[in-house]
Amino acid sequence: MNLNLAPKVAVIIVNWNSGELLKKSLCALQEQKYPIREVIVVDNSSTDSSATGLETYFSNIKVIRRNENIGFAAANNYGVKSVHESEWLALLNPDAFPEPDWLARLIGATQKFPGYSFFGCRMLKAGTPHILDGVGDNYHASGLVWRRGYGSGADNNYPDAGEVFSPCAAAALYRRDAFLDVGGFDEDFFCYVEDVDLGFRLRLAGHRCMLIPDAVVHHVGSACTGGQHSDFSVYHGHRNLVWTFIKNMPGVLFWALLPIHVLLNFVTVVYFAMHGQGKVILRAKRDAIKGIPKMWRKRLEIQANRRASVMDIWRVLDKRLTPSRREKSTQPKKGIL
């Protein structure tokens, strides 16, 4: 690849109390074989020392310090606004550590697969690299989302590049103009499922997502939010599941799949109530319902601008009653169940 003609890329990291993980992630960026045009860290008013002195430790970095925690979605949008010349946006969590050729593999894929606008990568569990943390996100016809391959063996699983519904934004690449065209992340989501919502809107706008399995990161996961089954994760994940379905499921599919989506929500309420989190799941669903009028207004605009056909969306939905054998150990994305 001629580096003089190579696509320019900006890396955006949203930080909130990530401790030493942020510096480890930035050190991994320094080892990248592909030149990074700009590194932007948006700190969401951390109360630890994770964002202290970053400018003295790392070159080619811009640190934006917010005076409040505006959430993962809004902070990423804020970071994107600071990007000037880069054609591609690489989003990276502070608890994700890319291998040296991660970015080179992703940018190479943009030239190999020019019909795709956003890309996912192979995520391994940090500290246990023989276990997958995920290879893209699945969206089920019921509205359930999960990280594909989570918890399964990494060896010989998902070895080939292939289309996925959307990438996990802990480590993903987006074409900047496509990201901006659909309005970026929905800031009402705050965090959790915001990347699937973005991926859905990109697909509705006619964009497609490719998994690049030889682009590898090591991911801790939920390092700053109390774990996948914390009240914080359950609340935001389950509220945002409803909003994602309401906003994005197109046309006849919305009405045909709505009974299944309602059933899914009933089952998850029962599940979490049985596991001692009844109050938080009920609060999540209450607030999801309260937010439906606002989400419906967003739906009207999204569907009015839809370029993808209903069949295009039906094709990429997961419609299986049960996952395949190699996905039986897969857990839903980010603490959804």
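How much area does the chain expose, and what share of it do carbon and sulfur atoms supply? I looked this up before anything else. About 14200 Å² is exposed, with 56% of that supplied by carbon and sulfur atoms. Note to self: this is a predicted model.

**Whole chain**

I went through the secondary structure and found 11 helices and 12 strands in the chain. The radius of gyration came out at 19 Å, and the globule rule gives 20 Å for 337 residues, so the chain is as compact as a globular protein of that length. I also took the box along the principal axes: the C-alpha atoms fill roughly 50 × 40 × 40 Å.

Next I checked burial. Of the 337 residues, 59% are buried. For contacts with a separation of 6 or more, I noted that 79% join residues 24 or more positions apart.

Then the charges. I have 41 positive and 32 negative ones in the chain, and their mean positions sit 5 Å apart.

**Asp-312**

I picked one residue to look at in detail. Asp-312 belongs to helix α11, which covers residues 310-316. Is Asp-312 buried or exposed? Neither, as it turns out: its relative accessibility is 35%, so I put Asp-312 down as partly exposed, that class lying between under 20% for buried and over 50% for exposed.

What does the side chain of Asp-312 have a polar atom 3.0 Å from? I found the backbone nitrogen of Ser-309 at that distance.

Last, I compared Asp-312 with Val-9, which is 303 residues away along the chain. Their C-alpha atoms are separated by 29 Å.

Methods:
Residues are numbered from 1 along each chain as its sequence is written. This is a predicted model: local features need pLDDT of at least 70, side-chain atom pairs count only at pLDDT 80 or more; totals for chains, interfaces and linings use all residues. Side-chain values use heavy atoms; hydrogens and water are left out. Helices (H or I, at least four residues) and strands (E, at least two) are DSSP runs, numbered from the N terminus. Buried means under 20% relative accessible area, exposed over 50%, partly exposed in between (1.4 Å probe, protein chains only). A polar contact is a pair of N or O atoms within 3.5 Å; within protein, one must be able to donate a hydrogen and the other to accept it, and residues adjacent in sequence count only if both atoms are side-chain atoms. The radius of gyration is taken over C-alpha atoms; the globule rule is 2.2 Å times the number of residues to the power 0.38. Contact means heavy atoms within 4.5 Å. Accessible areas come from the Shrake-Rupley method with a 1.4 Å probe; for residues, only the protein chains shown count as cover. Lys and Arg count as positive and Asp and Glu as negative; His and the chain ends are not counted. The place of a charge is taken as NZ of Lys, CZ of Arg, CG of Asp or CD of Glu.
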